[in-house]
Amino acid sequence: MAVVHRQHETDFFYQQIFHDQKQTSNTGISLQDGACVFDVGANIGFFTLFVQQIWQDVRVYAFEPIPAIFETLQVNTSLLWQ
């Protein structure tokens, strides 16, 4: 998977989201195909990318308030559909 990133953040978020699956395990949150997800404080978009890889036909609305990081989020999510 190709992503635009800053190495220290990428390592941390990748470990939490893809490896440890902290956003979905032991949180009471469960998703299924066709789910609608609001990723508020999406940072560079790793959770959005994770959701799109695991479940089918998921609609994700990703929000990031910091403009420079939002631009990275936009690039990363656009890479998903190339």
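This section describes the fold, the packing of helix 2 and selected loop residues of a predicted model.

The protein contains three helices and two strands. Read from the N terminus, these elements follow the order α-β-α-β-α. Of its 82 residues, 34% are classed as buried. Among the contacts with a sequence separation of 6 or more, 55% join residues that lie 24 or more positions apart.

Confidence in the prediction varies along the chain. The mean pLDDT of the protein is 82, and 77% of the residues reach a score of at least 70. Among the elements, helix 1 (residues 7-19) has the lowest confidence, with a mean of 71. The highest value belongs to strand 2 (residues 59-63), for which the mean is 94.

Helix 2 (residues 46-54) is mostly covered, since seven of its nine residues are buried. These buried residues comprise Phe46, Phe47, Thr48, Leu49, Phe50, Val51 and Gln52. The helix packs against helix 3 (residues 67-80) at an angle of about 15 degrees, and the two axes are 9 Å apart. Because angles under 35 degrees count as roughly parallel, helix 2 is assigned a roughly parallel orientation with respect to helix 3. The crossing of helix 2 past helix 3 is right-handed. On the side of helix 2, the contact is formed by Thr48, Leu49 and Gln52, and these three residues also appear among the buried residues of that helix. Helix 3 contributes Asn76, Thr77 and Leu80 to the contact. Classified by residue type, the contact between the two helices consists of two nonpolar and four polar residues, with no charged residues. An α-helix has 3.6 residues a turn, so residues three or four places apart point the same way.

Within this contact, Thr77 can be followed individually. Thr77 is part of helix 3, and its partners include residues of the facing helix: when residues up to four places away in sequence are disregarded, Thr77 touches Thr48 and Leu49. The relative accessibility of Thr77 is 16%; as the cut-off for burial is under 20%, Thr77 is therefore counted as buried.

The loop between strand 1 (36-40) and helix 2 holds Gly45 as well as Asn43. Gly45 has a relative accessible area of 0% and is accordingly buried. The C-alpha atom of Gly45 is separated by 9.1 Å from that of Phe63, a residue 18 positions away along the chain. Asn43 shows a phi near 55 degrees, a positive value in a residue other than glycine. With a relative accessibility of 14%, Asn43 is likewise classed as buried.

A positive phi is also found for Asp57, at about 55 degrees, although this residue is not a glycine. Asp57 is located in the loop between helix 2 and strand 2. Asp57 has a relative accessible area of 70%; because exposed residues are those over 50%, Asp57 is assigned to the exposed class. The two non-glycine residues with positive phi described here thus differ in their surroundings: Asn43 is buried, whereas Asp57 is exposed.

Key:
Residues numbered from 1 in each chain as written. Predicted model: local features only at pLDDT ≥ 70, side-chain atom pairs only at ≥ 80, totals over all residues. Heavy atoms only, no water. Axes fitted to C-alpha atoms, helices over the stretch in contact; angles between N-to-C directions. Parallel < 35°, antiparallel > 145°, perpendicular 65-115°, else oblique. Left-handed = near helix turned anticlockwise from the far one by under 90°. Contact = heavy atoms within 4.5 Å. Nonpolar A, V, L, I, M, F, W, Y, C, P; charged D, E, K, R; others polar. Buried < 20%, exposed > 50% of the residue type's maximum accessible area, 1.4 Å probe, protein only. pLDDT = per-residue confidence, 0-100.
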